[in-house]
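Colleague: I have a model open and I'd like to learn how to read it feature by feature. Could you walk me through it?

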Amino acid sequence: MNPKLLLFMTWLFYLAERRTSDPLWLFCMGYSFVLAICAYFYQKEDRSVTAKKKD
C-alpha cells in the first residue's frame, strides 16, 4: 500500500475519533498508522534491493 494514503486514512480516523470519542476509530487510527510505518520501510527496502540488482 501507499504510505501516504495510509497516513491520510490515519488522519481521517483521528478526526473521526476526536469527534465521536468512539474506541473503534482509535483502533482504526492506530492500525493504519502501524501499517503506514510498515509500508514506508517496505518501500524503502524494496528500492534498495532494486538498486542493488541494477548494479
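Modeller: Sure, we'll go from the overall fold to single residues and their contacts. Keep in mind that this is a predicted model.

Colleague: Let's begin with the fold, then. How many helices and strands does the protein have?

Modeller: There are 2 helices and 0 strands. Helix α1 covers residues 3–20, and α2 covers 23–54.

Colleague: What does the radius of gyration say about a protein of 55 residues?

Modeller: The idea is to set the value beside what a compact globule would give. For 55 residues that would be near 10 Å, but here the protein has 15 Å. The box tells you about the outline too: along the principal axes, the C-alpha atoms fill roughly 50 × 15 × 10 Å.

Colleague: And what share of the residues counts as buried?

Modeller: That would be 16% of the 55 residues. As for the surface, the protein exposes about 4800 Å², with carbon and sulfur atoms supplying 66% of that area.

Colleague: Which residues form the nonpolar patch on the surface?

Modeller: Met1, Leu5, Phe8, Trp11, Leu12, Tyr14 and Leu15, with about 700 Å² of accessible area together. Take Trp11 as an example: this residue sits in helix α1. Its relative accessible area is 45%, so Trp11 is classed as partly exposed, between the 20% and 50% cut-offs.

Colleague: Now the loop between the helices. What is unusual about the phi of Ser21?

Modeller: The sign. Ser21 has a positive phi, about 60 degrees, although it is not a glycine. You'll find Ser21 in the loop between α1 and α2. Its relative accessible area of 57% is over 50%, so Ser21 counts as exposed.

Colleague: On to the aromatics. What describes a pair of aromatic rings?

Modeller: You look at the distance of the centres and the angle of the planes. Searching the whole structure turns up 4 aromatic pairs. One of them is Phe13 with Trp25, a stacked pair at 5.7 Å centre to centre with 25 degrees between the planes.

Colleague: Why does the pair of Phe13 and Trp25 tie parts of the chain together?

Modeller: Because Phe13 lies in helix α1 and Trp25 in helix α2, the pair links parts that are 12 residues apart in sequence. Trp25 is partly exposed, at 29% relative accessible area. Phe27 and Tyr31 also form a stacked pair, with 6.0 Å centre to centre and 20 degrees between the planes.

Colleague: How are Phe27 and Tyr31 placed in helix α2?

Modeller: They are 4 residues apart there, so about one helical turn separates them. Phe27 is exposed, with a relative accessible area of 57%.

Colleague: What about polar side chains? Is Ser32 buried or exposed?

Modeller: Buried: the relative accessible area of Ser32 is 4%. Ser32 belongs to helix α2, and its side chain makes a polar contact with the side chain of Thr10 at 2.8 Å.

Colleague: Glu17 caught my eye as well. Where does Glu17 lie?

Modeller: In helix α1. With a relative accessible area of 19%, Glu17 falls under the 20% cut-off, so the label is buried. Glu17 and Cys28 are 11 residues apart along the chain, and their C-alpha atoms are separated by 9.2 Å.

Colleague: How should I read a distance in sequence against a distance in space?

Modeller: Put the two numbers side by side for each pair. Ala39 and Leu6 are 33 residues apart in sequence, yet 8.7 Å apart in space, C-alpha to C-alpha. Ala39 has its place in helix α2 and is buried, at 12% relative accessible area.

Colleague: And how far apart are Gly30 and Gln43 in space?

Modeller: Their C-alpha atoms are 20 Å apart, with the two positions 13 residues apart in sequence numbering. Gly30 is in helix α2 and is partly exposed, with a relative accessible area of 30%.

Conventions: Residues numbered from 1 in each chain as written. Predicted model: local features only at pLDDT ≥ 70, side-chain atom pairs only at ≥ 80, totals over all residues. Heavy atoms only, no water. Patch = residues over 30% accessible without salt bridge, like charges linked within 9 Å, V, L, I, M, F, W, Y side chains within 5 Å. Areas by Shrake-Rupley, 256 points an atom, 1.4 Å probe, with all protein chains shown as cover. Salt bridge = Lys/Arg side-chain N within 4 Å of Asp/Glu carboxyl O. Buried < 20%, exposed > 50% of the residue type's maximum accessible area, 1.4 Å probe, protein only. Phe/Tyr/Trp six-rings, centres within 6.5 Å; stacked < 30°, edge-to-face > 60°. Rg over C-alpha atoms; globule rule 2.2 N^0.38 Å. Polar contact = N/O pair within 3.5 Å; in protein donor to acceptor, adjacent residues only side chain to side chain.
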